[in-house]
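Q: I am new to this structure. Please take a close look at one helix and then at the packing of the interior.

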Amino acid sequence: MNASLFRRLSALFLIAAVTIVAVADDHRLVLVAGKPSHPPRLHEFNAGVQLLAKCLQDVPGLQTDVVLNGWPKDESILDQADAIVFYMDGGARHEVVQEEGRRLKMLDALAKKGVGLGFMHYGVEILADQASDEFKRWIGGHYENMFSCNPIWEPQFASLPEHPITRGVKPFAIQDEWYFNMRFVADIPGNESREVEDLKFVPILVAAPNDAVRDGPYVYPKGPYPHIQASKGRAEAMLWTVERPDGGRGFGFTGGHFHDNWGNDDFRKVVLNTMLWTAKVEVPTEGVVSAVSEEQLNANLDPKPSRKKK
């Protein structure tokens with residue numbers, strides 16, 4: 001082999017090796033969508049995660065994997081993750097509480113290794129006697145039936161904290177089924193940053209429901225609940241984060257009921273930024289820049305029967 005050819009081959013080998021290392025060094029985010037739920041354009045978990053994954057596809061240092069229709073059939077995808085986000089139905093049907101606690105134990109083991117965990121919309125709700133301790137450790141809290149509430153309303157996120165998640169996000173207001181009065185760790189109200197039970201707790205989206213919102217009706221049960229009414233004037237957290245002593249990060253996000261809200265740039269950006277932060281990927285100075293067309297919003301929707309007119 002002559003010297004010139006040797007040098008060219010060596011250079012190609014070096015480029016290939018650097019490329020392999022770069023891919024291997026990517027942080028891996030897994031987005032897990034729940035099974036079809038609710039009427040059309042509500043709880044569009046499968047379409048939602050595919051849309052968000054597309055928005056993240058050009059982020060340097062990130063590889064995003066998507067799991068559709070519930071718990072992954074090949075669980076090894078979770079073992080390779082730096083962060084896992086669940087967007088799905090909750091309560092007794094929550095995917096993470098099935099199999100008599102086996103899945104909970106598996107996620108708890110991953111969390112203790114520093115894997116980030118996030119839960120969105122209905123996915124923040126579990127039965128307290130099934131997974132309250134785990135959710136408080138993983139993400140700092142959860143929705144609890146008859147303690148939390150779920151009205152459809154339009155909070156004004158007029159002030160955003162200085163945090164990597166808020167980079168490039170402008171104050172915004174948007175109607176959604178925004179849950180609030182969550183069951184947070186140590187029963188904190190959750191509307192202020194603090195360190196509690198070895199967690200660094202930071203709320204990101206905070207707004208005060210007006211009296212009419214607190215007085216109901218809520219989506220289900222209709223309410224109102226006296227303890228919700230008694231807190232009139234108090235601000236509530238609807239996106240919050242934690243940094244855990246195991247080195248992992250977690251978040252809860254209570255919006256995401258209406259699929260078309262992903263078309264709002266600031267609503268979408270704050271969630272995309274949160275996913276990066278949870279996976280320990282540097283959030284760009286202007287946040288994750290993305291654009292969503294009507295065609296993209298209409299893509300991958302679950303086949304659902306139209307809601308019958310009364």
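A: What follows looks at one helix first, then at the nonpolar cores, then at a loop residue. The model is a predicted one.

Helix α4 spans residues 102-112, and its buried residues are Arg103, Leu104, Met106, Leu107, Asp108, Leu110 and Ala111. An α-helix has 3.6 residues a turn, so residues three or four places apart point the same way. The cover over the buried residues of α4 includes two helices, α3 (76-79) and α5 (128-139), and two strands, β3 (83-87) and β4 (116-120). Gly114, just after α4, has a positive phi of about 100°.

Next come the cores. The largest nonpolar core has 51 residues, and those touching the most other members are Leu56, Met120, Trp178, Phe253, Trp262, Val270 and Met275. At least two residues of this core come from each of β1 (27-33), α2 (45-55), β3, β12 (199-207), β13 (236-243), β14 (249-253) and α8 (265-278). The most is given by α8, with seven residues.

Leaving aside residues up to four places away in sequence, Trp262 touches a set that includes Gly48, Leu51, Leu52, Tyr87, Met120, Phe253, Phe267 and Val271. Also in contact with Trp262 are Gly256, Arg268, Val292 and Leu297. Another core, of 39 residues, lies apart from the largest one, and Val30, Ile84, Tyr122 and Trp240 are among its members.

Last is the loop between α6 (211-214) and α7 (226-229), where Lys222 lies. Lys222 has a relative accessible area of 52%; the cut-off for exposed is over 50%, so Lys222 counts as exposed. From C-alpha to C-alpha, Lys222 and Lys54 are 37 Å apart in space, and they are 168 residues apart in sequence.

Definitions and conventions
Residues are numbered from 1 along each chain as its sequence is written. This is a predicted model: local features need pLDDT of at least 70, side-chain atom pairs count only at pLDDT 80 or more; totals for chains, interfaces and linings use all residues. Side-chain values use heavy atoms; hydrogens and water are left out. Buried means under 20% relative accessible area, exposed over 50%, partly exposed in between (1.4 Å probe, protein chains only). Helices (H or I, at least four residues) and strands (E, at least two) are DSSP runs, numbered from the N terminus. Contact means heavy atoms within 4.5 Å. A nonpolar core is a set of buried Ala, Val, Leu, Ile, Met, Phe, Trp, Tyr and Cys residues joined through side-chain atoms within 4.5 Å.
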